[in-house]
Amino acid sequence: MRIPRKGAGKNWLQPGLREFGILGDFEEASHDELDAISSALVGTFHMAGLSEALSTETEPPLIIPGVDLTRDTIAVGLSRPNSAGKTMIAGEFERRGFHYTRFGPTLDELLLERVETLSRSNRQSLGIEIYKSGNQRWLCQRTVSKSMRSKLIVVDGLRFPDDFACRAEQFGANFRHVFVSAEKSIRRCRFEKKDNNLNFAEASGAPVE
């Protein structure tokens, strides 16, 4: 944005913000307050879809203003309680041209690498392990990586705040979070028809659900 960074000194950052168009009385603002104004400005760019993310596989992205107007990927993230019907809704997105991806297959890949059985309980245990170890963003990136060539993406199974934050950072204004729900009695009936050997209350009470 051609605005001097905070490290250049308050006397450069303050007029730089004003020349960019920031209004208001911030003559007596501290270095940190001016930095906060800059961050809010970058956030505005991000939510307008005018930003890019600089990151590594292990670090959250640094969001900076960008002027590349060709990045028009639309991403939808779905979350839900157990047996709410999100898979059906995800399938409808897929029929409308969205590339469908979800956390389950990624967890299955990791379980196979560990030579462990593919089961709901093992997926839940692994999901909790990854979250508690601080690698949820890594799981998010691995889940979506195979879909990045598509201009329309629907991600099934957002569970934690990190899942939402990762998608919002990646897609900005082009990300929408949809929460799917249904009456508990309906969900229980669906679950029992599908998973007769599992207890609905225990399955629904798992942290990853």
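Start the tour at Ser-83, in the loop that joins strand 3 to helix 3. This is a predicted model. Ser-83 is not a glycine, yet its phi is positive, about 60 degrees. Its relative accessible area is 10%, so Ser-83 is buried.

Next select Lys-86, in helix 3 (residues 86-95). Is Lys-86 buried or exposed? Lys-86 has a relative accessible area of 9% and is therefore buried, the cut-off being under 20%. Show what surrounds the residue: beyond four places in sequence, Lys-86 touches Leu-78, Arg-80, Asp-156, Gly-157 and Val-180.

Asp-156 leads to the next stop, since Tyr-100 also lists it as a contact. Tyr-100 belongs to strand 4 (residues 99-102). Apart from residues up to four places away in sequence, Tyr-100 touches Thr-87, Ala-90, Glu-94, Val-154 and Asp-156. Tyr-100 has 21% relative accessibility and so counts as partly exposed. To set a distance across the model, pick the C-alpha atoms of Tyr-100 and Ala-203: they are 24 Å apart, with the two positions 103 residues apart along the chain.

**The largest nonpolar core**

Now select Phe-103, Leu-126, Ile-130, Leu-139, Val-155, Phe-171 and Phe-175. In the largest nonpolar core, which has 17 residues, these touch the most other members. At least two core residues come from each of helix 4 (103-113), helix 5 (120-132), helix 6 (136-145), strand 5 (152-156) and helix 7 (161-171). Which of them gives the most? Helix 4 does, with 4 residues.

Stay with Phe-175 and display its surroundings. Leaving out residues up to four places away in sequence, Phe-175 touches Ala-75, Val-76, Gly-77, Leu-158, Phe-164, Arg-167 and Ala-168.

Move to Thr-106, in helix 4. Thr-106 is buried because its relative accessibility is 5%. Beyond four places in sequence, Thr-106 is in contact with Leu-139, Arg-142 and Thr-143.

After helix 4, step into the loop between helix 4 and helix 5 and select Val-115. Val-115 has a positive phi of about 60 degrees and is not a glycine. At a relative accessible area of 75%, Val-115 is exposed.

**Helix 5 and helix 6**

Show helix 5 and helix 6 together. Two packed helices are described by the angle between their axes and by the distance between those axes. Here the axes of helix 5 and helix 6 come within 7 Å and cross at roughly 120 degrees. The two helices are therefore oblique to each other. Select Gly-127, Ile-130 and Tyr-131 on helix 5, then Gln-136, Trp-138 and Leu-139 on helix 6, to see the residues that make the contact. These divide into 4 nonpolar, 2 polar and no charged.

**Helix 7**

Which residues of helix 7 are buried? Select Asp-163, Cys-166, Arg-167, Ala-168 and Phe-171. The elements that cover the buried residues of helix 7 include helix 2, strand 3 (74-79), helix 4, helix 6, strand 5 and strand 6 (175-179). Following helix 7 is Gly-172, which has a positive phi, near 55 degrees.

**Helix 1, helix 2 and the second core**

Turn to helix 1 (residues 10-20) and helix 2 (residues 31-47). They pack at an angle of about 35 degrees, and their axes are 10 Å apart. The crossing of helix 1 and helix 2 is left-handed. On the helix 1 side, select Lys-10, Leu-13, Gln-14, Leu-17 and Phe-20; they meet His-31, Leu-34, Asp-35, Ile-37, Ser-38, Leu-41 and Phe-45 of helix 2. By type, the residues of the contact of helix 1 with helix 2 are 7 nonpolar, 3 polar and 2 charged.

End at Leu-41, which lies in helix 2. A relative accessible area of 11% makes Leu-41 buried. Beyond four places in sequence, Leu-41 is in contact with Met-1, Ile-3, Phe-20 and Ile-22. The C-alpha atoms of Leu-41 and Ile-22 are separated by 8.8 Å, and the two residues are 19 apart along the chain.

Methods: Residues are numbered from 1 along each chain as its sequence is written. This is a predicted model: local features need pLDDT of at least 70, side-chain atom pairs count only at pLDDT 80 or more; totals for chains, interfaces and linings use all residues. Side-chain values use heavy atoms; hydrogens and water are left out. A nonpolar core is a set of buried Ala, Val, Leu, Ile, Met, Phe, Trp, Tyr and Cys residues joined through side-chain atoms within 4.5 Å. Buried means under 20% relative accessible area, exposed over 50%, partly exposed in between (1.4 Å probe, protein chains only). Contact means heavy atoms within 4.5 Å. Axes are lines fitted to C-alpha atoms, for helices over the stretch in contact, and angles run from 0 to 180 degrees between N-to-C directions. A crossing is left-handed if the near helix is turned anticlockwise from the far one by less than a right angle, and right-handed if clockwise. Ala, Val, Leu, Ile, Met, Phe, Trp, Tyr, Cys and Pro count as nonpolar, Asp, Glu, Lys and Arg as charged, and the others, Gly among them, as polar. Angles under 35 degrees count as roughly parallel, over 145 as roughly antiparallel, 65 to 115 as roughly perpendicular and the rest as oblique.
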